[in-house]
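Me: I have a protein model with a ligand in it. How do I read the ligand site?

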Amino acid sequence: MKHYLSIKDIDSLTDWVSEARNLKSNPTEFKALGKNKTIGLLFFNNSLRTRLSTQKAAMNLGLDVIVMNFGSEGWALEYSDGTVMDQGTSEHIKEAAQVVSQYCDIIAIRAFAGLQDREEDESEKVLNGFKKYASVPIVNMESSVGHPLQALADAITLAEQNIKKRPKVVLSWAPHPKALPHAVANSFIEMMQLQNAEFVITHPEGYELDPRITQKTTIEYDQKKACADADFIYVKNWSSYKDYGKASNQDPDWTMTKEKVGDAKFMHCLPVRRNMVVEDAVLDSDQSLVIEQANNRTYSAQIVLKKILENN
Ligand code: CP
């Protein structure tokens, strides 16, 4: 594997999850692998979990780590070819990616969707710009359309619960005061499509995700019906895909409650708005897996970095 850009870069989800769980039991076993090598973590957007867990994973593998808040501290980058750069951008991605490649053996990037222009977001100009012009492997730490490190951590968390051979897993939309990207939901769906599970997506009408991602996954517009008899309920807000980036619906009836969760395990990628997305009683219960999901972010990043180091 050269790059880790999406769930499609996983050749066997079962094997990766199994290897990640082995790493979790002995995190520093492969500490020699990254010796004298450097990873650069470039953040164009904020983070808590991704920043710390990816750094921790890299340290477990013996890598040196450089972190840069590119969005606030770097030069504004130009991505178009042939532009007369007489406006706000100061440096072209062509030079920036080649320069960072001289300092780093792996480059990991976080660059969210702007949610203004669907075509521009789907072009993944930051991630694909670095992929095109860098000479080292690229890792997606959440891009416009995907968050594959999160989805891999979620797969580890699901496997650890070992509830049944074919669990019922529900991805439920929930209200949020801001318009949020589709990345987490997209990668979770792509990951679930590789699982042996009864998988259902529930959201209000108008919040359908990209049909190229949902494909034939069952969509149920009645949230209570969708959640009935679920083993896992994964909650996430996203803005409209059809009316791109708009978030007109904040219906509190979609907030996840203890009643709707029933006996299911509760999952969320964090950060989460308490009592807007999900009520306290769920988050503070033993049924919540959110802290373990965050813990597993280290091992999802570590298995990805280990495979890159072994293959490059
Ligand atoms: N889940 C997740 O990616 O968290 P951060 O945005 O804090 O990195």
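Reply: We will take the domains first and then the ligand. Keep in mind that this is a predicted model.

Me: Into which domains is the protein divided?

Reply: There are two ranges to mark: domain 1 is 7-146 + 296-311, and domain 2 is 148-293. Taken over C-alpha atoms, the centres of domain 1 and domain 2 are separated by 25 Å. Domain 1 puts 33 residues into the contact, and domain 2 puts in 35 residues.

Me: Where does the ligand lie with respect to domain 1 and domain 2?

Reply: Check which domains supply the shell. Both domain 1 and domain 2 give residues to the shell around the ligand, so the ligand lies between them. The ligand takes up the space of the largest pocket.

Me: Which residues are around the ligand?

Reply: A residue is listed if one of its heavy atoms lies within 4 Å of the ligand. Here they are S47, L48, R49, T50, R110, H147, Q150, C269, L270 and R297. By type, the shell has three nonpolar, four polar and three charged residues.

Me: Which side chain has an N or O atom 2.7 Å from an oxygen atom of the ligand?

Reply: For polar contacts, look for pairs of N or O atoms within 3.5 Å. The side chain at 2.7 Å is that of T50. H147 has a polar side-chain atom 2.8 Å from a ligand oxygen, and for R297 a side-chain N or O atom is 3.1 Å from a ligand oxygen.

Me: How much of the ligand does the protein bury?

Reply: Compare the ligand alone with the ligand in place. Alone, the ligand exposes 260 Å², and the protein buries 92% of that.

Methods: Residues are numbered from 1 along each chain as its sequence is written. This is a predicted model: local features need pLDDT of at least 70, side-chain atom pairs count only at pLDDT 80 or more; totals for chains, interfaces and linings use all residues. Side-chain values use heavy atoms; hydrogens and water are left out. A polar contact is a pair of N or O atoms within 3.5 Å; within protein, one must be able to donate a hydrogen and the other to accept it, and residues adjacent in sequence count only if both atoms are side-chain atoms. Accessible areas come from the Shrake-Rupley method with a 1.4 Å probe; for residues, only the protein chains shown count as cover. On a 1 Å grid over the protein atoms alone, a cavity is a set of points where a 1.4 Å probe fits but cannot get out, and a pocket is an open set with protein on both sides within 12 Å along at least five of seven lines; lining residues have an atom within 4 Å of a point. A molecule sits in a cavity or pocket if more than half of its atoms lie within 2 Å of its grid points. Ala, Val, Leu, Ile, Met, Phe, Trp, Tyr, Cys and Pro count as nonpolar, Asp, Glu, Lys and Arg as charged, and the others, Gly among them, as polar. Domain bounds come from an automatic or database domain assignment. Contact means heavy atoms within 4.5 Å.
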